[in-house]
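Me: I'm new to this structure and would like a close look at one part, the empty space inside and what sits around it. Could you walk me through that, and then through the charged pairs?

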Amino acid sequence: MKYPIGIQSFREIREGGYVYVDKTRQIHDLVSEGKYFFLSRPRRFGKSLLLSTLYELYTGQETLFRDLWIHAHWDWQAAPRPVIWLKFAQIDYKTKGLEAALLAEVHRIAKELGVSLSEDTLKSSFSELLYEVGRSQKVVLLIDEYDKPIIDFLDDTPQAEANRDVLKNFYSVLKDADPYIEFLFLTGVSAFSKVSIFSDLNNLSNITLSPQGYTLLGITQEELDTVFEAPMQAHDRSKVREWYNGYSWGGEERLYNPFSILRFLQSGQYQNYWFETGTPTFLVREMRKHRFFNMSGFQTAINDLVNFDYARLNPISVLFQTGYLTIRHYDPELLIYTLDYPNREVRSSLEQLLMSEYMDYPPQGALPRVVNILQALRHRDLEAVVDILNAAFAEIPYEHWQKENEHFYHALIHLTFSLLGAYTRSEVHTARGRCDALVETADYLYAFEFKLDRPVAEALRQIREKGYLSAYADSPKEKVGVGVSFSTEQKGIVDWGVEVD
């Protein structure tokens, strides 16, 4: 089986014999129901491939669609439509400036379509292009990564704002060009408000959180089990789900990021593939700035999910729209979305970066430190665990402690135990309360309770009285309660104690 890893061309996939997950029925339903669509999805989710598929469909490339659902349902006798396809990833706006680069691209497309343009400004040239191409036969307009000129400058607000103004002026042409447009599809990572970019395009349908878009991109569990049935037989399905499944835009359907799952099927190794394609250093700095370190179960309203304001960045909006958080549940009565990390791949990668950011990028990374803690717990060497944690606290710059004593303590403890991954559960709820962390190894069950400027005896009493380990009475593993006392004055663990159940 040939995996189309990183291939964004529908033609190349079909002609090259690569495996293709058939989404053409959903595409057919979409183009039959409306005219103007926008879809926001994280990187590496197949947005460019979707537009490539639409391009080949509207230009009448029938042979590419044989054996796919849409082949028997598309009117192949109709004349091929002219297609204008803008790919912002291929426009050199960083060197030339957005307006000049976009103007050059409009003229290049015109020449490719056999149209001569007389206008020389961006807005008038784009308007002339749509008129000249669409006056005899309506045009299909595909715009890929419409927001890239803004996203690339999130740490340079003046430039992001200047590019926003160029795009707003450019897209304002679309309203008056409606008589010449048969179909329009825009994709991007972010969902900027209509007021800021598409103020004149009132009929643009945002299907980002709509059933039309839920599974249009990504791979469902059913698709994985059927299309990739043979290679999946070699793997533990539950472990694959834990690592790579979990994206959702409706709260029910769960999806695999195509790039990650295809890389896994090709290599057979559990790794963080998605993060290899881009490190979110700017995003991690924003999380630290807003004191975010535990994002599981975060609740928010729809406005924080679908709107994006580069001048006043809301980390929740950025984390969701860029794929670091996803919808775990939606309450239609309260209109509240509950967010979480989509899977182990994303969670562990982001938490490692966040932990390094909190500690000002120490020589030893987050993961080796966590592995050392796990090895110590496997041997019930709690003194080593305390030493490792104190070494981590000691590496945090003094000026950070001065401002955020308690916050740094909570962040470091949470991230450390969360990164133990499949071996730990943080803040485990019981009938009478919740445990700060429950860690399970082959031979031991640990219940950790951390106290800030409080005695160890209080922590151990809470473990005992709340029955944090009683739920595991039937387990043959040794059950160990661990109380830990942290001092804000000494910036470290000053005492700890153990009780064996």
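Reply: Here is a walk through the cavities, one residue beside them, and the salt bridges.

A quick word on the ground rules: this is a predicted model, where local features need pLDDT of at least 70, side-chain atom pairs count only at pLDDT 80 or more, and totals for chains, interfaces and linings use all residues. Residues are numbered from 1 along each chain as its sequence is written, and side-chain values use heavy atoms, with hydrogens and water left out.

Let's start with the holes. Rolling a probe the size of a water molecule over the atoms shows where empty space is left. Here, a cavity is a set of points, on a 1 Å grid over the protein atoms alone, where a 1.4 Å probe fits but cannot get out, and its lining residues have an atom within 4 Å of a point. Grid points are joined across faces, edges and corners, and the volume is the space filled by probe spheres set on the points. Searching the whole structure turns up two cavities of 30 Å³ or more.

The largest cavity holds about 40 Å³ of space. Around it you'll find Leu382, Val385, Val386, Leu389, Phe448, Phe450, Val482, Val484, Ile493 and Trp496. Helix H19 (382-394) and strands S14 (444-452), S15 (478-487) and S16 each give two or more residues to that lining, with H19 supplying the largest share, four residues. (Helices are DSSP runs of H or I with at least four residues, strands are E runs of at least two, and both are numbered from the N terminus.) The lining splits into 10 nonpolar residues, no polar and no charged. For that split, Ala, Val, Leu, Ile, Met, Phe, Trp, Tyr, Cys and Pro count as nonpolar, Asp, Glu, Lys and Arg as charged, and the others, Gly among them, as polar.

Trp496 deserves a second glance. This residue sits in strand S16 (residues 492-500) and lines the largest cavity, yet counts as partly exposed because its relative accessibility is 31%. Buried means under 20% relative accessible area, exposed over 50%, and partly exposed in between, with a 1.4 Å probe and protein chains only. Trp496 also joins Val498 and Val500 in a nonpolar patch on the surface, with about 230 Å² of accessible area together. Patch members have over 30% relative accessible area and no salt bridge; like charges are joined within 9 Å, and nonpolar side chains (Val, Leu, Ile, Met, Phe, Trp, Tyr) within 5 Å. The areas come from the Shrake-Rupley method with a 1.4 Å probe, and for residues only the protein chains shown count as cover.

The second largest cavity also has about 40 Å³ of space. Its lining includes Ser40, Arg41, Trp249 and Phe320, and divides into five nonpolar residues, three polar and one charged.

Now for the charged pairs. A salt bridge is a side-chain nitrogen of Lys or Arg within 4 Å of a carboxyl oxygen of Asp or Glu, and the count comes to 21. Glu223 and Lys23 meet in one of them, at 3.1 Å from N to O. Glu223 is in helix H10 (residues 221-227) and Lys23 in the loop between helices H1 (10-15) and H2 (24-33), 200 residues apart. Both Glu223 and Lys23 are buried.

Lys35 and Asp178 form another salt bridge, with their closest N and O atoms 3.0 Å apart. Lys35 is partly exposed at 23% relative accessible area, and Asp178 is partly exposed at 27%.

Note on methods: 1 Å grid on protein atoms, 1.4 Å probe; cavity = no way out; pocket = protein on both sides within 12 Å on 5 of 7 lines; lining within 4 Å.
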